[in-house]
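Got your viewer open? Let's take a walk through this one together, one selection at a time.

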Amino acid sequence: MLKKEELKNIVFISIALAAIIAVSYLFILALKLELSNVVRAVSFGITVTTFFWTFYFTKGWKWKISNWIFYRPNINGTWSGFIISDYIDDKGNKVPPIEFYIVVRQSFIRIHFTTFTKDFVGVSYAETFALNEDKGLKNLAYLYKKDSTQNNDEHLREGATELRLIIGSDEKKLEGKYWSNTKTQGTVSVKQISKDYVDSFSDAQKMKNA
């Protein structure tokens, strides 16, 4: 969802861009400052501005060069790593690290997470992305629940995950914590392995090992 500050910036940029294009239209075509010419110039400026935002919101925001307009890291794709749970079984043993995948589907204003382990598929139903480039703030959080298409007898599992995006010179990572209604919690650490999506744990494994 767009923030109020972003909406203000969109309005400001739209007015400025449409005005610049309209003036350029009059200047390049050497038109007189008559009402009909001004109307055509303004109409042209609004049309070009509309096309600009349409392109930006669908494709352009993903380009690094466009971060000067709005800072929005593109984290679309498949992420691979592990979760480490604090769960202890009846014998007092901790479980080993669990192979874990996150599939992120992101647009300019929305983001969705699907997670996979060998035995569990989770889907997000409330998401937030906190960004502030000047402060180095790149945090995201989401609430998740068990995918309703799973047909095993496991009771409904829900929880929350909070992650920090780390962008290095050669890779992107997501690290943080998770909590669940099964009274367990733990840490998450994954790195991006592809910008493509997968729909299952086995497909994620194949992508990782390819």
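A salt bridge here is a side-chain nitrogen of Lys or Arg within 4 Å of a carboxyl oxygen of Asp or Glu. Keep in mind as you click around that this is a predicted model.

**Stop one: the salt bridges**

Select Arg105 and Asp199 and show their side chains: they meet in a salt bridge, with N and O 3.2 Å apart. Arg105 sits in strand S2 (residues 98-106), while Asp199 is in the loop between strand S8 (185-194) and helix H3 (201-209), so this pair ties together parts that are 94 residues apart in sequence. Are the two partners buried or exposed? Arg105 is partly exposed, at 30% relative accessible area, and Asp199 is exposed, at 62%.

How many salt bridges does a search of the whole structure find? It finds 3. For another of them, pick Glu6 and Arg72, whose closest N and O atoms are 2.9 Å apart. Glu6 belongs to helix H1 and Arg72 to the loop between H2 and strand S1 (77-85), so here parts 66 residues apart in sequence are tied together. Glu6 is buried, with a relative accessible area of 12%, and Arg72 is buried too, with 9%.

Then select Lys173 and Glu171, whose side chains meet in a salt bridge at 3.5 Å, N to O. Lys173 is partly exposed at 29% relative accessible area, and Glu171 is partly exposed at 28%.

**Stop two: helix H2**

Now highlight residues 35-58, which make up helix H2. Try putting a distance between its end C-alpha atoms: they are 35 Å apart. At 1.5 Å a residue, the 24 residues of H2 should span 34 Å, so the two values agree.

Which residues of H2 are buried? Colour Asn37, Ala41, Gly45, Thr49, Trp53 and Tyr56 to see them. An α-helix has 3.6 residues a turn, so residues three or four places apart point the same way. To see part of what covers the buried residues of H2, bring up helix H1 (4-28).

**Stop three: a patch on the surface**

While H1 is on screen, go to Phe27, which is found in that helix. At 70% relative accessibility, Phe27 counts as exposed, because the cut-off for that is over 50%. Add Ile28 and Leu29 to the selection: with Phe27, they make a nonpolar surface patch of about 390 Å².

**Stop four: strands S4, S5 and S6**

Switch to cartoon view and select residues 121-132 (strand S4) and 137-146 (strand S5). These two run antiparallel and are joined by 10 bridges. For a place to zoom in, Phe129 stands opposite Leu140 in S5. S4 and S5 form a hairpin with 4 residues between them. In the turn, click Gly136, which has a positive phi of about 70°.

Next, add residues 158-167, strand S6. What is the sense of its pairing with S5? It is antiparallel, over 7 bridges. Here you can find Tyr144 opposite Gly159 in S6.

**Last stop: Asn181**

Finish at Asn181, found in the loop between strand S7 (172-180) and S8. Asn181 counts as partly exposed, at 41% relative accessibility. Which residues does Asn181 contact, leaving aside its neighbours within four places in sequence? Show Leu156, Arg157 and Glu158 to see them. For a final distance, click Asn181 and Tyr125: they are 56 residues apart in sequence and 15 Å apart in space, C-alpha to C-alpha.

Note on methods:
Residues are numbered from 1 along each chain as its sequence is written. This is a predicted model: local features need pLDDT of at least 70, side-chain atom pairs count only at pLDDT 80 or more; totals for chains, interfaces and linings use all residues. Side-chain values use heavy atoms; hydrogens and water are left out. Two strands pair if DSSP finds at least two bridges between them. The expected span of a helix is 1.5 Å times one less than its number of residues. Buried means under 20% relative accessible area, exposed over 50%, partly exposed in between (1.4 Å probe, protein chains only). Contact means heavy atoms within 4.5 Å. Patches are made of residues with over 30% relative accessible area and no salt bridge: like charges are joined within 9 Å, nonpolar side chains (Val, Leu, Ile, Met, Phe, Trp, Tyr) within 5 Å. Accessible areas come from the Shrake-Rupley method with a 1.4 Å probe; for residues, only the protein chains shown count as cover.
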